[in-house]
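Trainee: Could you take me through one part of this model up close? I'd like to know what sits next to what, in plain words.

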Amino acid sequence: MREIVIGGAQMGPIQRTDTRAQVVDRMLALLDQARGACCDLVVFPELALTTFFPRWYMEDPAEVEAWFETEMPNAATQPLFDRARTYGIAISFGYAERTPDGHHFNTSILTDKAGEIVGKYRKIHLPGHSEYDHDRAFQHLEKRYFEPGDLGFPVWRNLDAWMGMCICNDRRWPEVYRVMGLQGAELIMLGYNTPSVNSQASAEGLEQRLYHSDLSMTAGAYQNASWVVGVAKAGDEDGHPLMAGSIIVDPNGFVVARAETEGDELIVYPCDMDLCAFGKSTIFDFARHRRTEHYGRITAQTGVEYPDT
Ligand code: CDT
């Protein structure tokens, strides 16, 4: 048995005027709870340090840059790294990253129990649009503020397990889980900021949006015999509701822990990494059963191409 007690640290809303220091205080309170629950690893959401700023259309570069972190850890987040190290808890959280040479990414990092960063992922599937869209009820400007990630989908050995990360919209793409599954991933962590309302189809409803989130993560877990932990930033951010629904999914695709609120809330489950072995060595033994000679389209083609008639 290789048990990792995992905490999914769902966060309630962060308003546009909230400071990094205020947010980190909330993250520290969740970390304190996680210590009480004997967690080994705590997963925080996408863009955990600020409001979901890509909903705001901005033209002033200085205004945009203010949402980005130029180093990690930095003064605002050092207390988080320090406390995680003191507690011996590994952490993962998302933030907006500006590199020294001026590139912008939607990033998440993973630490070991000593508070050292052992993994970095930069979001690859950027949803939304890059210019103001008058046809939407509200904006989703990730394509404006971020570049697609350039690090692929790596997997790291941490806490005696193979771990990978993705971010929010990535969770809806089966290729994401498979690329990590092909590297032996036993745990896939992700954070998300998902509006409760579809800006282009307001009738869709929260129930359907939560279902699609669950469906994506449970399928990814089952089809790769991997644990999946999905953690929301939720609640009303300056009049814009984000859905909750944070879950921990076992390698059979079952939800074993689920958030009940739209606020700061820790969900916890003792995840045995050895539970991945059965699926990985039987129905999803990739080496025995995959037929890559028929998968060429997956990488050769992006959009739909109908056969010639
Ligand atoms: N943050 C993020 O990726 N959110 C998307 C919503 C996109 S709607 C244009 C998601 O897939 O949850």
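Mentor: Start at Thr 107 of β4, which stands opposite Arg 122 in β5. This is a predicted model, so read everything here as computed. Strand β5 covers residues 117-122, and five bridges tie it to β4, with the two running antiparallel. Between these strands the hairpin has five residues, and Gly 115 takes a positive phi near 80 degrees there.

Now look at the other partner of β4. Strand β3 (residues 90-98) is joined to β4 by seven bridges, and this pair runs antiparallel too. Here you'll find Arg 98 standing opposite His 104. β3 and β4 also make a hairpin with five residues between them, and in that turn Gly 102 has a positive phi of about 90 degrees.

So what about the side chains of β4 itself? In a regular strand, side chains alternate between the two faces of the sheet. In β4, His 104, Asn 106, Ser 108 and Leu 110 point one way, while Phe 105, Thr 107, Ile 109 and Thr 111 point the other way. Both sets are buried, meaning under 20% relative accessible area. With eight of its eight residues buried, β4 (residues 104-111) is therefore largely enclosed by the rest of the structure.

To pull it together: β4 pairs antiparallel with β3 through seven bridges and with β5 through five. Thr 107, where we came in, is one of the buried residues.

Terms used: Residues are numbered from 1 along each chain as its sequence is written. This is a predicted model: local features need pLDDT of at least 70, side-chain atom pairs count only at pLDDT 80 or more; totals for chains, interfaces and linings use all residues. Side-chain values use heavy atoms; hydrogens and water are left out. Buried means under 20% relative accessible area, exposed over 50%, partly exposed in between (1.4 Å probe, protein chains only). Helices (H or I, at least four residues) and strands (E, at least two) are DSSP runs, numbered from the N terminus. Two strands pair if DSSP finds at least two bridges between them.
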